[in-house]
Amino acid sequence: TMRAKTGGLAGIKALCLAAILAGSALGAAAQDLFSPVITVNGAAITGFEIDQRIRLLEVFRSSGDLAKIARTQLVEDKLKQALLTRDGLVITDAALATAMEDFASRADLTLAQMVTLLEQNGVAAETLRDYVRAGVTWRDYVRVRFGDRVTITPADIDQALGQTVPQIGGIEVLLTEIIIAAPPPRAAEAM
């Protein structure tokens with residue numbers, strides 16, 4: 001009976017050790033996800049942020065090397081944020097909420113619908129918030145910083161309105177604005 005108790009105790013110890021090691025591995029994986037992967041001027045970009053940006057780009061159906069694009073965008077966001085912080089430009093919560101609603105409306109969605117769609121695809125609402133914040137604050141920064149250097153006169157407006165663009169059959173087509181969905185069954189038709 002003593003041997004059975006010892007064997008049972010050894011089995012329990014082995015199970016506990018296995019559970020601790022498994023927990024440590026999970027904890028290490030989770031810690032790695034939130035550990036800095038890239039550091040920009042002392043600001044960290046974590047594996048989680050990169051993963052979230054990739055997922056966001058996937059939902060937006062971006063093309064190209066999404067991992068590379070995500071890293072580049074996040075580095076640029078950190079650099080932009082450093083300038084914004086240095087110059088004291090901060091977006092209010094109300095302005096950010098409005099910007100997020102505007103962003104969602106461009107996809108013909110409400111903000112709640114967009115957040116739900118993103119969450120269904122593994123993207124946290126905070127990722128969208130950070131993405132919109134970076135874009136809006138940078139746009140405002142550029143407008144404040146360089147807006148007074150550009151002067152548009154009424155003559156400039158008249159000249160721009162007076163310019164005619166050659167049209168083919170009365171239709172003006174800007175190739176930069178054509179987006180054609182090409183799901184596999186309709187790819188040939190889209191081409």
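A pocket, as the word is used here, is an open set of grid points with protein on both sides within 12 Å along at least five of seven lines, and its lining residues have an atom within 4 Å of a point. The exercises below apply this and related ideas to a predicted model.

**Exercise 1. Find which helix gives the most residues to the lining of the largest pocket.**

Solution. Begin with the pocket itself, which has a volume of about 320 Å³. Of the 15 residues that line this pocket, the closest to its centre are Glu49, Arg53, Leu74, Lys78 and Asp130. Next, look at the elements that contribute: helix H2 (47-59), helix H3 (66-87) and H6 each supply at least two residues of the lining. Among these helices, H6 gives the most to the lining, with five residues.

**Exercise 2. Describe the order of helices and strands along the protein chain, and say how many of each there are.**

Solution. The protein chain has eight helices and two strands. Reading from the N terminus on, the elements run α-β-β-α-α-α-α-α-α-α. For the chain in general, 18% of the 191 residues count as buried, and the accessible surface comes to about 14,000 Å², of which 61% belongs to carbon and sulfur atoms. When contacts with a separation of 6 or more are considered, residues 24 or more positions apart account for 57% of them.

**Exercise 3. Work out which helices build the largest nonpolar core, and which residues have the most contacts inside it.**

Solution. The largest nonpolar core has 14 residues, and those with the most contacts inside it are Met114, Leu118, Leu128 and Val132. Helix H4 (93-105), helix H5 (111-120) and helix H6 (125-146) each supply at least two residues of this core, and H4 gives the most, with five residues. Now follow one of the residues with the most contacts: leaving aside its neighbours within four places in sequence, Leu118 is in contact with Leu56, Val59, Val123 and Leu128. Finally, there is a second, separate core of nine residues, which includes Val40, Ile45, Ile50 and Leu74.

**Exercise 4. Classify the aromatic pair of Phe103 and Tyr131, and state what the pair ties together.**

Solution. A pair of aromatic rings is described by the distance of the centres and the angle of the planes. A search of the whole structure finds five aromatic pairs. In the pair of Phe103 and Tyr131, the distance is 5.9 Å centre to centre and the angle between the planes is 70°; because planes over 60 degrees apart count as edge-to-face, the pair is edge-to-face. Phe103 lies in helix H4 and Tyr131 in helix H6, so the pair ties together parts that are 28 residues apart in sequence. Ring pairs also link Phe60, Phe103 and Tyr131 into a cluster. As for accessibility, buried means under 20% relative accessible area, so Phe103 counts as buried at 19%, whereas Tyr131 counts as partly exposed at 23%.

**Exercise 5. Decide whether Thr127 and Ala125 are buried or partly exposed, and list what each of them touches.**

Solution. Take Thr127, whose place is in helix H6. Thr127 counts as buried because its relative accessibility is 11%. Leaving aside its neighbours within four places in sequence, Thr127 is in contact with Gln52, Arg53 and Leu56. Then turn to Ala125, which is also found in helix H6. Ala125 counts as partly exposed, at 24% relative accessibility. Not counting residues up to four places away in sequence, Ala125 touches Val115 and Glu119. The C-alpha atoms of Ala125 and Met114, eleven residues apart along the chain, are separated by 9.0 Å.

**Exercise 6. Locate Asn41 and Asp108, and say what is notable about the phi of each.**

Solution. Most residues other than glycine have a negative phi. Asn41, although not a glycine, has a positive phi of about 50°, and Asn41 is found in the loop between strand E1 (36-40) and strand E2 (43-46). With a relative accessibility of 67%, Asn41 counts as exposed. Asp108, which is not a glycine either, has a positive phi of about 55°. The place of Asp108 is the loop between H4 and H5, and Asp108 is exposed, with a relative accessible area of 72%.

Notes: Residues numbered from 1 in each chain as written. Predicted model: local features only at pLDDT ≥ 70, side-chain atom pairs only at ≥ 80, totals over all residues. Heavy atoms only, no water. Helix = DSSP H or I, 4+ residues; strand = E, 2+ residues; numbered from the N terminus. Buried < 20%, exposed > 50% of the residue type's maximum accessible area, 1.4 Å probe, protein only. Contact = heavy atoms within 4.5 Å. Areas by Shrake-Rupley, 256 points an atom, 1.4 Å probe, with all protein chains shown as cover. Core = buried A, V, L, I, M, F, W, Y, C linked by side-chain atoms within 4.5 Å. Phe/Tyr/Trp six-rings, centres within 6.5 Å; stacked < 30°, edge-to-face > 60°. 1 Å grid on protein atoms, 1.4 Å probe; cavity = no way out; pocket = protein on both sides within 12 Å on 5 of 7 lines; lining within 4 Å. Points joined across faces, edges and corners; volume = space filled by probe spheres on them.
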